[in-house]
Amino acid sequence: MKRFVTLFTLFAGLLTVAEAKSERPNILFVFTDDHAPHAIGAYNGWLKSVNPTPVIDKLAREGMLFEKSFCSNSICGPSRAVILSGKHSHKNGFMNNGNSFDWNQQIFPKILRKNGYQTALYGKSHLKGKPQGFDDWAVLPGQGLYYNPDMIFADGRRRIDGYCTDVVTDLAVNWLKDKRDKSKPFVMMVQHKAPHRNWMPALRHLDLYDDITIPEPPTLFDKWEDNAPPARHQELEIDRHMDLNYDLFVDLTPEFNQPPSQKRQDRSAWHNMKRMSKEQLTKWRAAYGPKDEAFHKAKLKGKDLVRWKFQRYAKNYLRCVKGVDESIGRLQDTLKELGLDDNTVVIYSSDQGFYIGDHGWYDKRWMYEESLMMPFIVKWPGVTKPGSRNRNLIQNLDYAETFLEMAGAPIPSDMQGRSLVPLLKGQKPDDWRKGIYYHYYEYPSVHMVPRHYGIRTQRYKLMHFYQFGNEWELYDLKSDPDELTNLYGKPEHAKLQKRMKNRLAKLQQHYEDNSDISEKPDSWKSQMRAEK
Ligand code: SGN
Ligand code: CA
């Protein structure tokens, strides 16, 4: 009898260990900067034919891809603050990149730590201040550099030679292999700078895509005729604002003196080049020198010049994406090597989407689809159905809650999102949200996108640009996925307009967004008035 009891206890104990193992998975969160879903093969966008992301595509084949995944404020720091806090910008206090994040507030890594998890963060943080809630961390100062970047560690700042995406991957791999406490489950956030402006690829990728023409987006020559005025007054056009030298490295050498108008030299490609070693520079010039020469010979003008700039930009962007794709491969190989792959959830996401020539633009900020969307792909072994695609409306607001539920930790009631775990398990909750809420605040600022807020449902989108009058846009995404026909103010859509306005007001109430949305006189406003 005694023997039986002992055996039984042993068996039960083993069960508990097994359960605990499957209940408390590790989480590897790979997060990039400005990687738009349509630059991922698995998302079936117009860039799919280029096959830009074989590794991420494989992750999607093995896990679940979220087709309707959105940010709540399409810019770097704010998106990251929403992820850590599970709260909209107006609640976590980080509304635009100029703010400093209050690290003393409740964030999911702190809760995970309290619940027995180990936490690590490597790469871009963009929230200023020393990260809290992480057992180990190393972050890039501000935007960081592509080549031989400085990194800030808990014990100080030092330069690490190499290409930024590789440097950050190395730190993560080393932690997995040598630094982590093997008795605890972990969450590791690997946050790459790539493919952020100025889109500088790794040396091994400088010639990638040289022999192909990247397909052009259907809206490359959009004139924003049906939009409210803000779309015509931005500063993010490939044609008028993307600089041949600052952004596209034409004729760029470290000796080159940038014209005084180029103020942000500290972040420019030029600054990165000054940082390169002789060997790195030699390879760089060998790749771009002949391309620049051919460009000069061609003497392009007008639309041809825009097309050339688009090619140069899109190729560099996709070359940076390639570096990221390889990093995910290396991280997954490491998990495998360490026998951790069966019990580690691998997630890929990026802080917001991006314009890759769509609407004639680069950058983000707007609530239009290309920058509103975020990639979100999850492989949770034994839980997510391989190759599944989810169409529920999800946001970065939901990530903290999701990580907490995965770890079996409590979800604080003041977090504003909802755990995605039921969706990952293939359930279809009837009461899932029917609309997402968005609010962007950074104006006036680089690229001059004014403040706006709005709602997006499965089919429609309503936006309000409130800083310079009552400008609204309303789109039917089913019949008009490129958002070219503004239905706002059209009598035949009056009912829809009213319904959407009500729903937007309700969402604003629900999330308690009492931000100041009064009109603000400023120079841009008078410029617009003059145009009218
Ligand atoms: C920098 C970039 C901008 C970009 C912002 C915000 N210029 O200012 O193009 O919109 O960051 O980007 S750069 O010359 O410094 O690259 S974010 O992703 O950090 O929000
Ligand atoms: Ca970003």
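The following exchange concerns the nonpolar core, one helix pair and selected backbone features of a predicted model.

The model is predicted, with local features requiring pLDDT of at least 70 and side-chain atom pairs pLDDT 80 or more, while totals for chains, interfaces and linings use all residues. Residues are numbered from 1 along each chain as its sequence is written, chains are lettered from A and ligands numbered from 1 in the order written, and side-chain values use heavy atoms, without hydrogens and water.

Me: Which helix gives the most residues to the largest nonpolar core?
Reply: A nonpolar core is a set of buried Ala, Val, Leu, Ile, Met, Phe, Trp, Tyr and Cys residues joined through side-chain atoms within 4.5 Å; buried means under 20% relative accessible area, exposed over 50% and partly exposed in between, with a 1.4 Å probe and protein chains only. The largest such core has 142 residues, of which Met188, Tyr313 and Tyr317 touch the most other members. Helices are DSSP runs of H or I with at least four residues, strands are runs of E with at least two, and both are numbered from the N terminus. The helix giving the most, with 13 residues, is α9 (residues 302–337).

Me: How far apart are the end C-alpha atoms of α9?
Reply: The expected span of a helix is 1.5 Å times one less than its number of residues. For the 36 residues of α9 this should be 52 Å, and the model agrees, because the end C-alpha atoms are apart by 53 Å.

Me: At what angle do α6 and α9 pack?
Reply: Axes are lines fitted to C-alpha atoms, for helices over the stretch in contact, and angles run from 0 to 180 degrees between N-to-C directions. Angles under 35 degrees count as roughly parallel, over 145 as roughly antiparallel, 65 to 115 as roughly perpendicular and the rest as oblique. Helices α6 and α9 are therefore roughly parallel. Their axes lie 10 Å apart, at an angle of about 10 degrees.

Me: Is isoleucine 107 buried or exposed?
Reply: Isoleucine 107 sits in the loop between α4 (89–92) and α5 (108–114). Leaving aside residues up to four places away in sequence, isoleucine 107 touches Leu84, Ser85, Phe101 and Gln132 (contact: heavy atoms within 4.5 Å). With a relative accessible area of 0%, isoleucine 107 is buried.

Me: Which residue precedes proline 195 across a cis peptide bond?
Reply: Proline 195 is placed in the loop between β8 (186–191) and α7 (269–275). Omega of the cis bond is about -5 degrees, and the residue joined to proline 195 is alanine 194.
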